[in-house]
Structure formats: structure tokens, C-alpha cells
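Colleague: Please take me on a close walk through the ring contacts in this one, and then carry on to whatever lies around them. I like cut-offs spelled out, so give me each rule as you use it.

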Amino acid sequence: QVQLVESGGGLVQAGGSLRLSCAASGIIFRIVVMGWYRQAPGKQRELVAVSGGGDANYADSVKGRFTISRDNVKNTVYLQMNSLKPEDTAVYYCNRLRRTNTGWATWDGYWGQGTQVTVSS
């Protein structure tokens with residue numbers, strides 16, 4: 001049974017940094033592609049970072065500011081967020097990803113509880 005537990009969110013001023021963590025269980029973590037999503041109020045959930053096969057990919061909105069990394073021993077994926085902006089305010093989620101014809105999608109409908117990031121101006 002998959003379980004994803006996100007943590008590390010909080011309130012930070014614009015220009016500040018946060019490091020999010022996502023602890024995974026119930027999966028063979030080292031072979032799984034993992035991603036970070038975010039959802040702001042009234043907006044669709046957005047995929048912002050992907051880690052798998054030794055590669056990392058980012059949405060244009062976070063490129064150069066966010067870094068995804070993983071520890072395959074601790075079964076944990078991280079998101080280092082620097083130079084935060086008010087528009088980064090959202091609930092952040094991690095999830096397992098599979099490749100599709102148009103990009104990435106989650107494996108099923110499971111989501112963790114997420115972690116709230118609030119950036120004040």
C-alpha cells in the first residue's frame with residue numbers, strides 16, 4: 001500500500017527558501033519516477049519537478065529556482081525552493097509518475113495530504 005507523506009512547508013517572505021520532503025513507503029522507490037506538484041487556490045494542480053533515471057526536469061515557472069533530489073536509501077524525495085515568490089504559494093504534493101504520450105501522469109488517484117507553502121510579499 002502506497003503512502004506518501006509531505007512535510008517542510010511553511011510561511012516565508014519573498015526571496016526566501018524552503019526545503020520540502022516527501023517520505024514514500026509501499027513502493028520500490030529507487031526505480032520509480034517521482035514528481036512534485038502544486039495546487040494554488042482556484043487553480044489546477046501543476047507539475048513543477050520530476051526526478052527519475054538520473055534526470056531532473058522542471059516547469060518553466062520554477063526553473064533555476066527549484067531543485068528536486070532524492071535519497072533512495074531513505075525513500076525520500078526533496079524539493080529545494082529558493083528565491084520564492086508570492087505566486088509560489090500553494091499546497092505542494094509529491095507523487096509517482098508514469099510517462100504518457102503528452103508528458104507525465106500519476107499512476108492512480110492516490111494523493112498524500114500535501115504541505116502548505118505560503119510566500120508573503
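Modeller: Happy to! Rings of Phe, Tyr and Trp (for Trp, its six-membered ring) pair if their centres lie within 6.5 Å; planes under 30 degrees apart count as stacked, over 60 as edge-to-face, and the rest as tilted. With that rule, a search of the whole structure gives two aromatic pairs. In one of them, the ring centres of Tyr-37 and Trp-111 are 5.0 Å apart and the planes stand at 85°, so this pair is edge-to-face. The contact links distant parts of the chain: Tyr-37 belongs to strand 4 (residues 33-39), while Trp-111 is in the loop between strand 10 (104-106) and strand 11 (115-120), 74 residues apart. Strands here are DSSP runs of E with at least two residues, numbered from the N terminus.

Before going further, a word on how to read all this. This is a predicted model, in which local features need pLDDT of at least 70 and side-chain atom pairs count only at pLDDT 80 or more, whereas totals for chains, interfaces and linings use all residues. Residues are numbered from 1 along each chain as its sequence is written, and side-chain values use heavy atoms, with hydrogens and water left out.

Next, how covered are these rings? Buried means under 20% relative accessible area and exposed means over 50%, with partly exposed in between (1.4 Å probe, protein chains only). Tyr-37 has a relative accessible area of 8%, so it is buried. Trp-111, at 26%, counts as partly exposed.

Trp-111 has another ring partner, Tyr-93: their centres are 5.7 Å apart and their planes at 75°, so this pair is edge-to-face. It also links distant parts of the chain, with Tyr-93 in strand 9 (residues 90-99) and Trp-111 in the loop between strand 10 and strand 11, 18 residues apart. Tyr-93 is buried, with a relative accessible area of 12%. Put together, Tyr-37, Tyr-93 and Trp-111 make one aromatic cluster.

Trp-111 also has a charge for company. The rule is that a charge sits over a ring if NZ of Lys or CZ of Arg is within 6 Å of the ring centre and within 35 degrees of the ring normal. By that test, the charged end of Arg-45 sits over the ring of Trp-111, 4.0 Å from its centre. Elsewhere, the charged end of Arg-19 sits over the ring of Tyr-78, 3.9 Å from the ring centre.

From charges over rings, it is a short step to charges that meet each other. Side chains of opposite charge can pair when their charged atoms come close. I call it a salt bridge when a side-chain nitrogen of Lys or Arg is within 4 Å of a carboxyl oxygen of Asp or Glu, and the count comes to five. Strand 4, which holds Tyr-37, supplies a partner for one of them: the side chains of Arg-38 and Asp-88 meet at 2.8 Å, N to O. This pair links distant parts of the chain, from Arg-38 in strand 4 to Asp-88 in the loop between strand 8 and strand 9, 50 residues apart. Both ends are covered: Arg-38 is buried at 8%, and Asp-88 is buried at 0% relative accessibility.

Strand 9, home of Tyr-93, takes part as well. Arg-96 forms a salt bridge with Asp-108, the closest N and O atoms being 2.8 Å apart. Again distant parts of the chain are linked, with Asp-108 in the loop between strand 10 and strand 11 and Arg-96 in strand 9, twelve residues apart. Asp-108 is partly exposed at 36%, whereas Arg-96 is buried at 13%. Shared partners go on to join Arg-38, Glu-46, Arg-65 and Asp-88 into one network of salt bridges.

One backbone detail belongs to the loop that holds Asp-88. Ser-83 lies in this loop between strand 8 and strand 9 and has a positive phi of about 50°, although it is not a glycine. With a relative accessible area of 43%, Ser-83 is partly exposed. A similar case to check is Asn-75, in the loop between strand 7 and strand 8 (76-81), where phi is near 55°, a positive value in a residue other than glycine. Asn-75 is partly exposed too, at 24%.

Technical notes: Helices (H or I, at least four residues) and strands (E, at least two) are DSSP runs, numbered from the N terminus.
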